[in-house]
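Q: I'd like to learn how to read a sheet and the core packed around it. Could you walk me through an example?

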Amino acid sequence: MGKRINTDEFSLLLIKIPRSVIIIFFSEDAALLGMTDVTLNYLYTPLIFNLSMIDHINKKTLQLNGYIFFLVLFISVSIMVIYSERVQIFAQTVSIENDNQTKQEYVNNTLYISGTASEKAKSDLVTISIGVETANRTATDAVVANSLKMNNIVFALNNNGVSEDEISTSQYSINPNYNYSQSGNILETTGFTATNTLKIQSMNLSNISLWIDSAVNAGANTIGGIDFQVSEKRLDNLKNMLIEDAIANARQKANITSSAVGLNIIGIKSMMIDTDGFNPPQPFSNEFVQRSALSDAPTTPIIPGEQEISVSAHIVYLLR
């Protein structure tokens, strides 16, 4: 068993605890420092009084004062810890809210700019629709007559530079022909019409007039039109180059605009690329082609022309 300290020694021990040490212990928080100072004044006064009047006061009272001292000290430390944690949590919350507010301000500072780039490209692909219609009393006779003419057309086209892999059938049909009454009722079947249409798709643009003339001379009586295009592979390559130019154009506009208002570009919020902006050459009409091919006048030159390709970049920039 350890030595049991008596009441007098216990009181002297409390007095020996420096007041400054306790004050420093609570000095982290100004509010608690004030509270601690009041507490110490309360505790030290009766202790000093107890020493001076130790012979006249019951020793149990001194012991009770010691218990009260440690109880108040324990409560004070607990309050300090809880208060300190609450302050730190509050400070951290405010810091996060400030960071979010700053980030939100950056998000709200946006600039929408559209950049464009375009280029004219010569067409390198042509699509021609050539057909023949034959009518006869029976469907069989209409089909036979149509087949003879179409074979002649294909033979003529092959002889004038159209390869087999450039020709394909795009439409074939057999339809009855009727006589109608004035009220619109069918009176009788007068015959059948067979229609066969070929599509020529070629990158050879120098013999278009020759192909049309030879097809008409071989029996073709319908020309669906001529459509000039830029081939898909070449079109993709051109669009890829124009995308870079459109983005550079948008960035140049954004730099000028942001500088004018005293802000800097810090990033991109969103971007959209539009590659559908192009103006193909106007195709020749069916009526125009038939007049040129069937007339006695010299063959009219057919000029492919150019196709304008354009790309747009729509960008939302972040500013600060």
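A: Happily! Keep in mind that this is a predicted model. Begin with the strand order: here an open sheet of four strands runs 3-4-2-5, with antiparallel pairing.

Q: Which strands stand at the edges of the sheet?

A: Look for strands that have a single partner. Strand 3 (167–180) and strand 5 (222–229) are such edge strands, so one side of each lacks a neighbour in the sheet. On average, neighbouring strands are turned by 15° against each other, ignoring direction.

Q: How many bridges join strand 2 and strand 5?

A: Seven bridges, in the antiparallel sense, link strand 2 (residues 125–136) to strand 5. One pair to find on screen is Ile128 with its bridge partner Ile226 in strand 5.

Q: What does helix 5 touch in the sheet?

A: Helix 5 (residues 139–159) packs on the sheet and touches strand 2, strand 3 and strand 4 (186–202). Its direction makes about 150° with that of strand 2.

Q: And how should I read a nonpolar core?

A: In soluble globular proteins, nonpolar side chains tend to be buried together. In this model, the largest nonpolar core has 24 residues, and those with the most contacts inside it include Ile128, Ile153 and Ile226.

Q: Which element gives the most residues to this core?

A: Helix 6 (208–217) is among the elements that give two or more residues, and it gives the most, with five.

Q: What is Ile153 in contact with, beyond its neighbours within four places in sequence?

A: Its contacts include Ile130, Val132, Leu198 and Ala215. A second, separate core has 18 residues, among them Ala250, Ile265, Ala313 and Leu319.

Note on methods:
Residues are numbered from 1 along each chain as its sequence is written. This is a predicted model: local features need pLDDT of at least 70, side-chain atom pairs count only at pLDDT 80 or more; totals for chains, interfaces and linings use all residues. Side-chain values use heavy atoms; hydrogens and water are left out. Two strands pair if DSSP finds at least two bridges between them. Axes are lines fitted to C-alpha atoms, for helices over the stretch in contact, and angles run from 0 to 180 degrees between N-to-C directions. Contact means heavy atoms within 4.5 Å. A nonpolar core is a set of buried Ala, Val, Leu, Ile, Met, Phe, Trp, Tyr and Cys residues joined through side-chain atoms within 4.5 Å. Buried means under 20% relative accessible area, exposed over 50%, partly exposed in between (1.4 Å probe, protein chains only).
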